[in-house]
Amino acid sequence: MNLIQQIQNFTIYDWLLAIGLIALLGIQFFTLRKQKSSKRFKIKIALNLVFWLIVCLFIINPKWEKSTDSNRVLVYGNDVPLSVVNQLKDSLKIQESFSQKSFDKSLIENPNFANQVGKVYIVGQDAKPEILSKVAGHAIEWIPSFKENELQELHWSAVLRKGDMQEVSGKINLTESNILYLKWGKQTIDSVKLSKGFNNFSLKVPVFTLGASSFDLFLGDDNLRSIEFFAQKTQAFRVLMILTNPDFESKTLADWLGRNGNQVKIISTVAKNTQSAVSINQIDSNFTPDIIITDPSNAGNSLVKKAYSEGKSIFFINLSQADLAAKSINQALGTNWTFKRISTQENIPISADLTALPYSIQAHDFQKSIGDFPIAIQKKNGTVSVSLLNETFPLMLSGDSLSYMKIWQGALHLLRPSNATNALLAAPVFKDSPTEITINSAESLAKIKVEKDTVNAQKSDINPFSSQVNYTFRATGWQKLGDSIEVFVENSETQLAKSHLLQPYLNASPTKSGESQKLSVEIPEWLWLVMFVLVLGALWIEPKV
């Protein structure tokens, strides 16, 4: 558009502004006429004329076009230093970079700009949703700009049941090797040693609390953050213990199961063809076990084989000769247990008060290891678990009930029957960010209560007992989910929250590619500031010289 066309398109406001600028110039010259005899009259005229021109240019905001390759562009946030931006442009061989403000301005002023841009590199976490939505059809690559020793990614479960395994996983870049701790109060419940540089980490601990709960994540002596979650009450299950030689190990385990609200029945051999039965907690006359805990000598027991054929769980403990135990279990139940000797010692240490048989459990199909202990499960008709641990009751005697609980809750976690209703929700949950909530229930749910709202639930096409809700929490802190569950919602201004906001756009499939185009270029804001400061400073200093 030429100058004549621009003048023809003037609005009344443009004409008023033009008249005002001319009037300003007239006032300046009228004021300076009184100083015409001054030796510095020409300098005064020049400075005032320059000032007037800068004001005119600032209002007009002149632009010009330049050709560039926009197949790949780099968009950086306010928290990213220009030195980092230039370094990334050189290493990625990208011609054009934009601040978020200038990129958004280009998208607004030029409707075709988004169509002419190819792959977009987002640098930093401070990406605006309005910008991301406008380039959602493009390939987007995120280049994080986290500080060292700062959490870059973090995940855990927002809602669990007592006895479930809580896994806290994430990523962090360290300036030096350190230890990451998960603590409950002052007590360390799990830890992992991290090396210098980039680390993926995972911490696991069985949930032993009820209601709104919190652990703390420490890097060395520094508390990085809290891990908030809600623990529901676990549905009690029924355990049958068949023991050839009852000992203090099995008695301690039975007592612990009973104290946790489970029904326990113990059948033990006291003499040839003579058995005794002991019950813990009230047991129905039609007692049908969910889990059978026994030793390998009872692998062929009719109760064990019947329960296994019905899809129940069998847990073998108190192994003494691992090779013979594997053979007995495999022949009786058709499993594939294989143990490999890894030490010539009689036992191998696990911790100060815990040892295990000197064998490792070899991997097979349909097999899964449990935690950091030599315990594993195999699933076929039912579920069979084997533990190579020796006596665990010394942990209780030494007062380390937390370690004892960690072993047995972790071991029984995948053996017990599933609860009637479960809520699945990934944490952290952020305010003003969409969150997916899954409810698995035997009853069909048409609506779910969240905060003060009642939200329509979408039934899963695959699982008729599963319903999903996409909900955006509007308040922080503990918020209601249903009648008995609470969800902890965090502020959306943290670096983790901002990076979480980027994730849906990174998963989008690219559909557009860029091309060479002409970009509109204008004088940057910092240069306007420099020009105004210089000319106003000169106008102020000139009379004093």
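# Exercises on a predicted model

Buried residues make up 43% of the 545 residues in the protein chain. The model is predicted, and its chain comprises 14 helices and 36 strands. Among contacts with a separation of 6 or more, 60% join residues 24 or more positions apart.

**Exercise 1.** Determine which residues of helix 9 are buried and where around the axis they lie.

*Solution.*
Step 1. Helix 9 spans residues 302–309, and V304, A307 and Y308 are its buried residues.
Step 2. These three cover an arc of only 100 degrees around the axis, and therefore lie on the same side of helix 9.
Step 3. S302 and S309, on the other side of helix 9, are exposed.
Step 4. The packing partners of the buried residues include three strands that can be located in the sequence: strand 14 (238–243), strand 17 (291–294) and strand 18 (313–316). Helix 10 (322–333) and strand 25 (383–387) are also packed against by the buried residues of helix 9.

**Exercise 2.** Describe what is found at the two ends of helix 9.

*Solution.*
Step 1. At the N-terminal end, N301 acts as the cap: one of its side-chain oxygens lies 2.7 Å from the backbone nitrogen of L303.
Step 2. Just after the helix, G311 adopts a positive phi of about 85 degrees.

**Exercise 3.** Establish how helix 8 and helix 12 are oriented, and which residues form their contact.

*Solution.*
Step 1. Two packed helices are described by the angle between their axes and the distance between the axes.
Step 2. For helix 8 (residues 248–259) and helix 12 (residues 401–412), the angle is about 75 degrees and the axes are 12 Å apart.
Step 3. Angles of 65 to 115 degrees count as roughly perpendicular, and helix 8 and helix 12 are therefore roughly perpendicular to each other.
Step 4. Helix 8 contributes E249, T252, L253, W256 and L257 to the contact, while helix 12 contributes Y404, M405, W408, Q409 and L412.
Step 5. By class, the residues of this contact divide into seven nonpolar, two polar and one charged.

**Exercise 4.** Decide whether Q409 is buried or exposed, and list its contacts beyond its sequence neighbours.

*Solution.*
Step 1. Q409 lies in helix 12.
Step 2. Buried means under 20% relative accessible area; at 6% relative accessibility, Q409 therefore counts as buried.
Step 3. With neighbours within four places in sequence left aside, Q409 is in contact with G163, P206, V207, F208, W256 and N260.
Step 4. One of these, W256, is a helix 8 residue in the contact with helix 12.

How values were computed:
Residues numbered from 1 in each chain as written. Predicted model: local features only at pLDDT ≥ 70, side-chain atom pairs only at ≥ 80, totals over all residues. Heavy atoms only, no water. Buried < 20%, exposed > 50% of the residue type's maximum accessible area, 1.4 Å probe, protein only. Helix = DSSP H or I, 4+ residues; strand = E, 2+ residues; numbered from the N terminus. Arc of directions from axis to C-beta. Contact = heavy atoms within 4.5 Å. Polar contact = N/O pair within 3.5 Å; in protein donor to acceptor, adjacent residues only side chain to side chain. Axes fitted to C-alpha atoms, helices over the stretch in contact; angles between N-to-C directions. Parallel < 35°, antiparallel > 145°, perpendicular 65-115°, else oblique. Nonpolar A, V, L, I, M, F, W, Y, C, P; charged D, E, K, R; others polar.
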